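Let us walk through the empty spaces of this structure, the surroundings of its ligand and a few features of its backbone.

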Amino acid sequence: MDIERTLAELTLPEKAALVSGKNNWYTAAVDRLDLPALMMTDGPSGLRKQTNSGTTNINDAIQAITYPAAALSASTWNESLMHQLGEHLGIEARAEQVSLLLGPGVNMKRSPLGGRNFEYLAEDPLVAGKLGSAYVQGVQSQHVGVAVKHFAANNRENQLTASSDMSERTLRELYLRTFEIIVKSAYPATIMTSYNKINGVLNSQNERLLRRILRDEWGFHGAVMSDWGAVANTVQALKAGLDLEMPGKGQASVNDIIRAVHTGELDEGTLNKAVRHLLHVVDDWLPADHAQPYDHAAHHQFARKLADDGIILLKNHEDELPLDPQTTGKVVVIGELAENPRFQGSGSSHVNPTKLVSPLDALAGSGLKADYYPGYRLDQSETNGDLAEAALTAAKTADHVIIFAGYPKAAESEGFDKASLMLPENQSDLIGSLAKANVHTTVVLQNGSAVEMPWIHSVAAVVETYLAGEAVGEATWDIITGTVNPSGHLTETFPRRLTDTPMAPTFGQDPHHEYYTEGIFMGYRYYDTHEMHVLFPFGHGLSYTTFEYTNLKLTQNERGATVTFDVTNTGARSGQAVPQLYIANHASHVPMPTKELRAFTKVAIAPGETETVTLALDRRDFSWWCEPKARWQADSGDYEVMIGESSRDIRLQVKLTMDFKNSPAPITTETYMAAIVKNPQLRDLFKQVVLAPEYAGPENFLATTDDQGSLQIFQDRMFMNMPLRAVVALGGPQALITDFITRANTLLRQ
Ligand code: BGC
């Protein structure tokens, strides 16, 4: 398409219609110019294509493969699999002539109460950024665009237009960072703004966010669309840099835009910018070919593979698992969730699965011989005496007990936050009783985010399957029987209890504000810095084999450092390790978490084999956001690199000193004497200028020397803590100090 020509030919009402969205799932078409409508559908873990655009029933959509929710797919820590997930979704979207897939969801899991946490990737921006980028590249490799959502700092569901109030440093380092990584490395077609405000300004109408940061700083070239209904004032949104209001307020939005252009409130050039961005998206992402069918069975298998790679073995006391079907005796499977599994979240990400395989359906195929008892009713939280009793009786004589536990659909959803991290009481009580009745009790969890586990010490094993998608049954037994060696790791901390979370007292309380008072100390950055006990740390995940880490080597270069180390599979099974690299910053003088994740990988290793892992660090990995300078700053000084299997299981560490050749801070009247005395050149200059001989003498306290003739002042600790301007009070003439400042800055610039 000749974008500029089309733009020139469009009338004002046509342009207004284009930036307003036609309805829920289409942009406006302009038949006169053969400009087609573009179709978009949710995302992120399966297609929710609604054939009837007017429908308000979220579940009224085509059947599609239901992949694991992001909570589980991210637990793979596997960029290659996330790319493949994107490819599969892209192929399916193309088959449905969908141009834009509304995903991935990449907001931080700030509080485990967040209602949409299941749809998000991590509590750490690097994990979310790298996995999100791989997903975006995968989808877009199939000629289908994405909408990375929800931009930005959208971390609660209750009263979702509340203002996320935080410092600029917190915003940059945590809540914008993932988007920045994805924009810079994966070039997403579109970004979706969120419902909330940041520091009082509505995101869809926030020029600093949409133009200054997203486009000018990060170089974003795609289009910015709003979340559904997230725009309060269409004209203000366009002025701030929004390109597409979704689904638009129909003719009302169009009329507002036309009126604003006529009154001069909206410059037509600004409208043209938005139209241009949108035309590019239409041109770039319109389906290139006719719908091609795809292999449903193969895609279902991929859903299983992804779940296999993500499921996390949280606890495995005395190798309770795996249960080998050949040698395991009598097994009882308990819990209605085995029969009616929770395999996806509720809300706009809900998919109608093509082939849901429950754990009970897949039991026979697993080879295990087991009896099933529902144990509790999923739609109740009170114990059902008969069901519980029957399960307990069976458990007493079994060799192994497997209880499926989690939340009913209605408890975890988009649209509201949770109020507790406790499982329903009937399930929690049953787990406690089963564990007392049989020491070989395994808990299999189906949930969207962290839960409390008051029974943790009494059960033998815990398997976290989150919301595992339509192949939930097959994948669960793959792990329990050991057909697949677990390799999932948590991308969020499981705190011991809700009250341990830093934002517990205020989360979701104020209808208009969410106070990010914990600042950059969120997730493991908080728990680790305060050395708090947690239930399971960030990055944790067990395997049926063991890995040994040795041979850490580090080479520094101009840009940062390269770290290499060996990982050996010291067990008897093939497995995948997830080495995580954390940095501790001892160089900067601002508050710093004790460690921050700066690189990771996933590596498959055969028994007895060793793989060498290489991870690169660049300047940004040593940087923090400096508010006064409004830029990233890397400080010269001491750091520590740590390699671990979780943030609490550090296997190797090495100290290093970085020299970042920062341009020195200019000398001003506020510069402390310590900074001057520390620098030999400045110290000499100070002596020469401020302590000039004509001023030496008893009346100039500054020039007092000791018996050896050394200036006493340079040894005076009090003096070191004074700013340069205070030297006047000690007898330093103002004119000489001004002269010193000028000459010192000239010296520093040389
Ligand atoms: C959700 C988005 C979703 C959109 C369209 C909104 O309510 O927040 O994530 O893509 O609806 O269904």
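In this predicted model, the second largest pocket has a lining of 18 residues, and those nearest its centre are Leu126, Lys130, Arg177, Ile181 and Asp618. The space in this second largest pocket comes to about 410 Å³. Its walls draw on helix H5 (125-140), helix H7 (177-186), strand S24 (596-600) and strand S26 (610-618), each of which supplies at least two residues of the lining. Among the contributors to the second largest pocket, H7 gives the most, with 5 residues. Sorted by class, the lining of the second largest pocket holds 9 charged residues, together with 6 nonpolar and 3 polar ones.

Arg177 also leads to an enclosed space, for this residue is one of those closest to the centre of the largest cavity, along with Glu173, Arg525, Arg598 and Arg620, in a lining of 15 residues. The volume of the largest cavity is about 160 Å³, and the search of the whole structure that yields it finds 9 cavities of 30 Å³ or more. H5, H7 and S24 appear again here, since, together with strand S27 (623-626), each supplies at least two residues of the lining of the largest cavity. Which element provides the largest share of this lining? It is S24, from which 3 residues of the lining of the largest cavity come. By class, 8 residues of the lining of the largest cavity are charged, 6 are nonpolar and 1 is polar.

The second largest cavity holds about 90 Å³ of space. Its lining is made of 14 residues, and Lys109, Arg110, Pro112, Glu123 and Tyr527 are those that lie nearest its centre. In the second largest cavity the lining divides into 5 nonpolar, 5 polar and 4 charged residues.

Returning to open spaces, the largest pocket contains about 1,000 Å³. Of the 23 residues that line the largest pocket, Gln633, Pro664, Ala665, Ala675 and Lys678 lie nearest its centre. Strand S28 (631-634) and helix H19 (673-678) are each the source of at least two residues of this lining. The classes found in the lining of the largest pocket are 10 nonpolar, 7 polar and 6 charged residues.

The ligand can be considered next. Around the ligand there are 13 residues, and those that come nearest are Asp42, Arg116, Lys149, His150 and Asp227. The shell around the ligand consists, by class, of 6 charged, 5 nonpolar and 2 polar residues. What distance separates a polar side-chain atom of Asp42 from an oxygen atom of the ligand? The distance for Asp42 is 2.5 Å, while a polar side-chain atom of Asp227 lies 2.6 Å from an oxygen atom of the ligand. For Tyr195, an N or O atom in the side chain is 3.0 Å from an oxygen atom of the ligand. On its own the ligand has 310 Å² of accessible area, and the protein covers 92% of this area.

Aromatic side chains offer another view of how parts of the chain meet. A search of the whole structure finds 17 aromatic pairs. Trp77 and Phe538 form one such pair, which is tilted, with 5.6 Å from centre to centre and 55 degrees between the planes. Because Trp77 lies in the loop between helix H3 (70-74) and helix H4 (79-95), and Phe538 in the loop between strand S19 (534-536) and strand S20 (547-556), the pair ties together parts that are 461 residues apart in sequence.

Some details of the backbone remain. Gly43 and Pro44 are joined by a cis peptide bond, with omega of about -10 degrees, and Pro44 has its place in the loop between strand S1 (40-42) and strand S2 (63-64). A cis peptide bond also joins Gly103 and Pro104, where omega is about 5 degrees; Pro104 lies in the loop between strand S3 (100-102) and H5. Gln97, although it is not a glycine, has a positive phi of about 55 degrees, and this residue is found in the loop between H4 and S3.

How values were computed. Residues numbered from 1 in each chain as written. Predicted model: local features only at pLDDT ≥ 70, side-chain atom pairs only at ≥ 80, totals over all residues. Heavy atoms only, no water. 1 Å grid on protein atoms, 1.4 Å probe; cavity = no way out; pocket = protein on both sides within 12 Å on 5 of 7 lines; lining within 4 Å. Points joined across faces, edges and corners; volume = space filled by probe spheres on them. Helix = DSSP H or I, 4+ residues; strand = E, 2+ residues; numbered from the N terminus. Nonpolar A, V, L, I, M, F, W, Y, C, P; charged D, E, K, R; others polar. Near = heavy atom within 4 Å. Polar contact = N/O pair within 3.5 Å; in protein donor to acceptor, adjacent residues only side chain to side chain. Areas by Shrake-Rupley, 256 points an atom, 1.4 Å probe, with all protein chains shown as cover. Phe/Tyr/Trp six-rings, centres within 6.5 Å; stacked < 30°, edge-to-face > 60°.
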